[in-house]
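Please walk me through this model in the viewer. Tell me what to select at each stop and what to look for there.

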Amino acid sequence: MSLFPWFLGDAGFTFAVDPLSCWFLAIIGVAGLPALIFAPGYLQHLRHRVSLSLVWVALILLMISMAGVVMAANAILFLVAWEVMALSSFALVTADHERRDSRRAAIIYLGATRAGTAFLMIGFLWAHHLTGSWVFSEWGISGTGALAPALLIFAGLATKAGCWPFHLWLPIAHPAAPAPVSALMSGVMIKTAIYVMIRLFVLDNHFVVPLLGPILLVLGAISAFWGVLFALLQHDLKRLLAYHSVENIGIILMGLGVSLLGRQHHLPLLEQLGLAAALFHTLNHAIFKSLLFLGAGAVDACTHLRDIEKLGGLVHRMPWTTGAFVTGSAAICALPPLNGFASEWLLYQGFFKLAMDGPSVGLRFGALLLMGWLALIGALAIACFVKAVGVVFLGNPRSRRAERATEAGRGMVVAQVLPAVMCIALGVAAPAVLGQLGRITSRLGDPSLLYHAWTIPLTLIALLLACTVGGLAMWVAALSRSLPARRFITWECGFGDLGPRTQYTATGFAQPISRIFGAVYSYTVDINVKGRNRRYFPDKVTAETAHEAYLETKVYTPLLQSIKRMAGIFLMRLQAGSIHQYLIYMALMLGLLFWVGVS
Amino acid sequence: MGGGELMNSLFLSVLHLINLLLLPLLLMGIIRKAKAVMQNRIGAPLLQPFYDMAKFLHKTETISENAGWIFIWTPRVGLAVAVIAAILVPWTGVLLPPGWAPATNFLLMLYLLTLGKFFTMLAALDTGSAFGGLGASREATISMLAEPALIIALGALALGAGSTDLMAIYSSPASPFIALLAGAGMVITALAELSRMPVDDPTTHLELTMVHEAMILEYSGRSLAMIEYATALRTCIFFGLAVQTLLQAWPVFHALPLLLHYAASLLGLVVLGISVAVAEGILVKLKWRSVPNFLTFAVVLSLLAAVIAAVQS
Amino acid sequence: MNLSQIDILAAGVAVLAVWMCGVTCLKMQVWGLSGQTVLLSGICVLLGREEAATGMFILALVVFSIKAVGIPVFLSKAAERMDITRDRGIYNNSTQALLMGCGLLILGYFMTPKVAVPTMMNQGTAGMALALIFIGMLLMVTRRLALSQIVGFLTMENGIFLYGLTQTSGMPLLMEMGILFEALVGVLIAGLVMFRINRSFEHIDVTDMRGLRH
Amino acid sequence: MNPFLLISVLPLSMACLGLFPYTARWLPRAGAIIFLLQLPVVGWVCLPAFSGASIACGGFLMDGMGAAFTIITTLVAAAALVQSALLLPAARLEDSKMTDRRFCLFYTLSGIFILAMYAVPLVQHLGYLWIAIEAATLMSAPLINYHRSRNSLEATWKYLLLCSVGIAFALFGTVIIFAAQYAFTGGGTMMVSELVAHAANLDPRLLRLGFVFCLLGYGTKAGIFPLHNWLPDAYSEAPSVVSAMLSGALLNSALVAIWRLSQIMVAAGQIGLLRQLLVPAGAITVIAASIMLVRQHDLKRMLAYSSVEHAGLLTLAIGIGSGKIFILHAFNHSLVKVALFLLAGGVVHAYGTKALSRLGGILKRTPAWGIALMAGGFAIAGSPPFGTFISEWLLLRDAFAAGEVVAVAAVVIGLTITLIAITTHMGRAVFGNGHAPARNVAVRTWTLTPAVLLVLSLLAGVAISPPVMQVLSMLAGQGGGS
């Protein structure tokens, strides 16, 4: 489909819509709708600092450009949409530009996304050089020549997707944006990179690069672990969620890696399983991540707090938000019968099949190992979300603002309930979703393979669960008619009533796990006790935890600093203001040109 | 379906019902008794758990003023999950009709049980008591360490069977090495998952290292009954899986006729229960900080199993 | 015979330029410049007589009047008005500059085959012209005062003029005029700017004009 | 009828008006109107070139290249003079020493300046080409010195001296090229077309030598690294309208001269040397400029360095011999850069400072400027959907196709650094919660012209289509080669 054939010099303003594009368009719609419903209510509490018209324009532009990205048929149009997407999201991150840290976040975001675009540009130019075409569908590059452009393009996409080690911008930029925007960015925008990966590397043979499968698998595994590990350390709810995006991107990449390995070793089932897992998880993550971000936004809007250490007890004050958030958490922790489980189960199956049919011992063992790895990640995610839900919504409020919170407006509630329902529905109706996925994976081979691979009767289990819980509930109701339960204080060991301070803090909750993995980020806890006779009757005991993200502190920051310093020196030396110096440059240049031109 | 098979399946389902209703609490009783014997006590009667249940059900329930819906619904979800898992998982070697095989997928089962755990942890945080947080935090840590080992072990077993359905796994013979290694790993993880010695002491209460008991500290009455029963079921499931796995190492195990097979499984369960009790009698509880090292054993064992499986398949 | 005369005159120009590298007195520099130009117009005349081209004589006249009289007078007047007499170079050592000048002269001499036009009768002047250009650069680089930089610039132009004169079969007269006119205007504007600089900086020492950097 | 005379009527009339001080009160408006009238005139004169005709008379040739750059120059001049009708009178109120004479002299000089820049792309005669550029240099020097502050004096001196030296080299080069045609009888010619015609029997050694010197000279004028040093000083100290004209028109003129010479080189089969010199020069200029953009403290200096970068891009375009992209990118760059300089003029006037550290909160205080500045920043850094993106992209494509992979990589890196740097600096000025402007002006009105230019560049980005590309290649094709 070609709208204006005269656009963009030689590439044409052409769209190509196939099942894959439709899938991602659906994702955009499914995750975008709640965000748009949520936005009006949410933006009200920002209206003093943010120009709403600007936000709306940028928001709509973001949606349109994302649709453009997944529909673009050629590289140039794709790049245009890609850049418009980046710029509009940049505008949204800077929306609250009077706050210093959101300015900083915006700049970091811009730098990262632009660096990614640079990789893409070179990669696309290279591909065009090799194939002589801008149209994706006409690209067919294989052999050793394909490696360099493929890796360049992959680097660019990985930067946008927030895959380790290019993920640094993500946990900084996403929280800085208004909540609905964070939902869109985390839920959908980073997925556009996944879309291109699938389009170029997985679905059709545009790039045949054997090395890419293992790379995706390894980077995915690292990202998933890294993301959840750092999420566990966060106190800012939105930041925590952003780190979980890194985790889930990792999971999706693992799926793609499995698919590529399947192709490399001619295992059609594996190929389809991996791709299906990746696509399904992409959709799921889009839903529950936007749900969770909206929940965080609702909490932020109703309490003006984002530090979870100050929250608590919202279950009584914001029941709907709590319910939706718990559902989302259960989904992101891959608990049956929700959608997260369905997609992760597919991935598990993929690993298992790889372990069974893998050609080499190393691969088989690696696959088994990855099963354990995924389990570890899942368990960490559970720990993290138990912490988040427990500290934010349960227990006693830890600050007056949290005490005074009230449920969010109707629109915001609806916007949260909607995806929550979808989380359940997609889990229960997983076979139907697979049916849709079959239309995409059928390009890799017989789709019936995929349907047969889905064995577990998740619907049945869900029903059983519902019935059993219902039955128990009725039984308990019957019992409590004879002797009703009584309400009394939480047991406080007889030391007078419990204040909010007696509860576990988020830091305290995460401490054991953080200590176990302390080596990854040099986790330290220093406790100091003040007061005379400190041994027995201390006046004050304080414990502070600290951690250091080596990637930032040891790699990126020094790099950027040195670049800036070198640039400064370069400028000062060269542009020192002395006209004689400039004349000497001219003379030197004369000599150089003379040498090149005459000799 | 012929008459013989009908009888057979009828018999099986009755058997299964008995398993569900009697065995769990009985096993708890056996363990307690054995432990008491180890400590030179007479100990409570074997059926004490049943009496406890009855007692809990007739007591008024006290719910913290601070508790929300999560606290109230957790016991029901936890019990429901445990019951469903107990029905599906072949922890006594009694297999459901083959049509049910896909439902016994071990990933499904484990994550289903995790759902119960997830709610238990939330409920522990719901009341705002210090113990709840402590217990939940440690529970999260332990399961973070235990689950990978469990899944790798089961995966290694499943590799032999070529399917991730527990029924398929336990109805087909496995190589003894894998079975032994995986089984040993599963025993350790079971101890951790069920928070028994040496990871946690299920009998203590006001001691600041407890895990499971700390989480359910606020429960009483029928809720406590449900939780206790769910715990008993989970104990049976995990021990049962471990026993089944270990028995895989015994070549004739699959050849045995049904009743003997069943009897052997029960015997194994009881033996494991008693040996756990013995262990709890003679072992001291580990320092909290050295729990990870203990669970590393499980991981290593299951990794060895995985290596062998990867080489053999 | 003329050829040798032209070569001699050209060499004289170059030598004058080298000498200018060494002197620090502004007046001397300025008159050295006009001396160069006189010799150049001499070359003009010789060429004109040889080719019997009236254009050459006109050119010689114009060059003489503008570059040998007009500009030097203007510059020396300017120097008087700003009462500056000498420009001690950047290194405060004129002999170094002198030696460099000699070096450049030799360089130009050796570069002759690279720049000379094979068909022309007097090849040597090409090298001299190149040397003049180099020396002009040298003057601008080694001098402190704006005024002596103008002198250096004009030396460069003399070099170009010499090359055009001897290596081409007669540039279009109109163009030559245009170039001369440009030089004149340029010098005038530069002079004006120089006066302004002198007014607001109280000096025309360009080494102290380093306010704009980075 | 000589096209040059036709288009020089109105500028000349403005220059003459400028000679009479008592016109000071209405001259700004008159100048604006004159150049708005100039637009249709130029359009009419250049029309034939678009249909493939090229009018030659009296040493002037209105060919495609000439027409394109005449139009660009006119656009730039019109925008600059319209804005100066707002800026200069406002600025004059602040400056007590500004006499009517000086004020009107601005218009005389800029009239002649623009004339000279008209001449550059139209003259055929290399000598007159040189004279035109030198004239432009000399006329712009007093314009840079408009404010007569110490800094502007210093900038003027550096500009005057460095550019004159450079230009002198260019003259030398021109003479050498003239001398290079001793071989064929009938005396020498300086007409580009004739030189191209019998380029075969030019002495290659002398031609290469001449081109080297011309490149040095005109490169200095264009601001190729490391000959750019005068450029930031001049651009930042000149009044913004003059900076706009320098960056939008004069820079192009120097590059057009290089383009003309490159045509001779191509015809003489020296394309190897051309590549060997221009491509590295362009790439190095781009990357050096981007590095220098990392640390900036002054709004206008930043824009100046970005001009250096674009000079590098244009040099690259000439180096790979793609005339249409040269025209296209020159057009886009001129539009956006002029818009930015004019905006900067308003900002500097209103906030009373150029220092990025002291600017801030522009978006909050004066939203129109804030948005326009940000948009311009993205445009100049080559983000879609602005025209610069398309032209840079096509440039990169052709360079890659020409096998200049290293250069392409360097340029992409340079562009990346540039975008990040420019946006960061712009962000410092635009975002945040700064102080209110020192003088309040009619922001909307002052934003009008830049906004129009930005919209134009946006359209230029959208409108690039095969027909347009054909027109462009025809324009370039008449310029010879490509």
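Start at a strand pair that crosses between two chains. Select strand β3 of chain A, residues 486-488, together with β1(B): the two pair in the parallel sense over three bridges. This is a predicted model. Now pick out F488(A) and look across: S64(B), in β1(B), stands opposite.

**Widen the selection to A and B**

Show every contact between these two chains. On the B side 63 residues take part, and they meet 62 residues of chain A. Next, colour the elements of chain B that give two or more residues to this side: β1 (62-64), α4 (69-88), α5 (106-126), α6 (130-161), α10 (221-248) and α12 (291-312). Which of them gives the most? Select α6(B), which supplies 18 residues to the side touching chain A. Then recolour that side of chain B by residue class. You should find 36 nonpolar, 19 polar and eight charged residues.

Step back to the whole assembly. Four pairs of chains touch, and the pair with the most contacts is A and B.

**Check where chain B does not reach**

Keep chain B and add chain C. No contact joins the two, and their closest C-alpha atoms lie 56 Å apart. Swap chain C for chain D. Again there is no contact with chain B; here the closest C-alpha atoms lie 41 Å apart.

**Move to chain C against chain A**

Hide B and D. Select the contacts between C and A: 12 residues of chain C meet 12 residues of chain A. Highlight helix α5 of chain C, residues 124-142. This helix brings three residues, the largest share of the side of chain C that touches chain A. By class, that side holds six nonpolar, three polar and three charged residues.

**Finish with chain C alone**

Show chain C as a cartoon. What do you count? Seven helices and zero strands. Traced from the N terminus, the order reads α-α-α-α-α-α-α. The radius of gyration of chain C is 17 Å, close to the 17 Å that the globule rule gives for 214 residues, so chain C is as compact as a globular protein of that length.

Draw a box along the principal axes. The C-alpha atoms of chain C fill roughly 50 × 35 × 35 Å. Colour by burial next: buried residues make up 50% of the 214 in chain C. Last, map the contacts within chain C. Of those between residues at least 6 apart in sequence, 73% join residues at least 24 apart.

Note on methods: Residues are numbered from 1 along each chain as its sequence is written. Chains are lettered from A and ligands numbered from 1 in the order in which they are written. This is a predicted model: local features need pLDDT of at least 70, side-chain atom pairs count only at pLDDT 80 or more; totals for chains, interfaces and linings use all residues. Two residues are in contact if their C-beta atoms, placed from the backbone, lie within 7 Å. Helices (H or I, at least four residues) and strands (E, at least two) are DSSP runs, numbered from the N terminus. Ala, Val, Leu, Ile, Met, Phe, Trp, Tyr, Cys and Pro count as nonpolar, Asp, Glu, Lys and Arg as charged, and the others, Gly among them, as polar. Two strands pair if DSSP finds at least two bridges between them. The radius of gyration is taken over C-alpha atoms; the globule rule is 2.2 Å times the number of residues to the power 0.38. A residue is buried if 20 or more other C-beta atoms lie within 10 Å of its own, exposed if 12 or fewer, and partly exposed in between; C-beta atoms are placed from the backbone.
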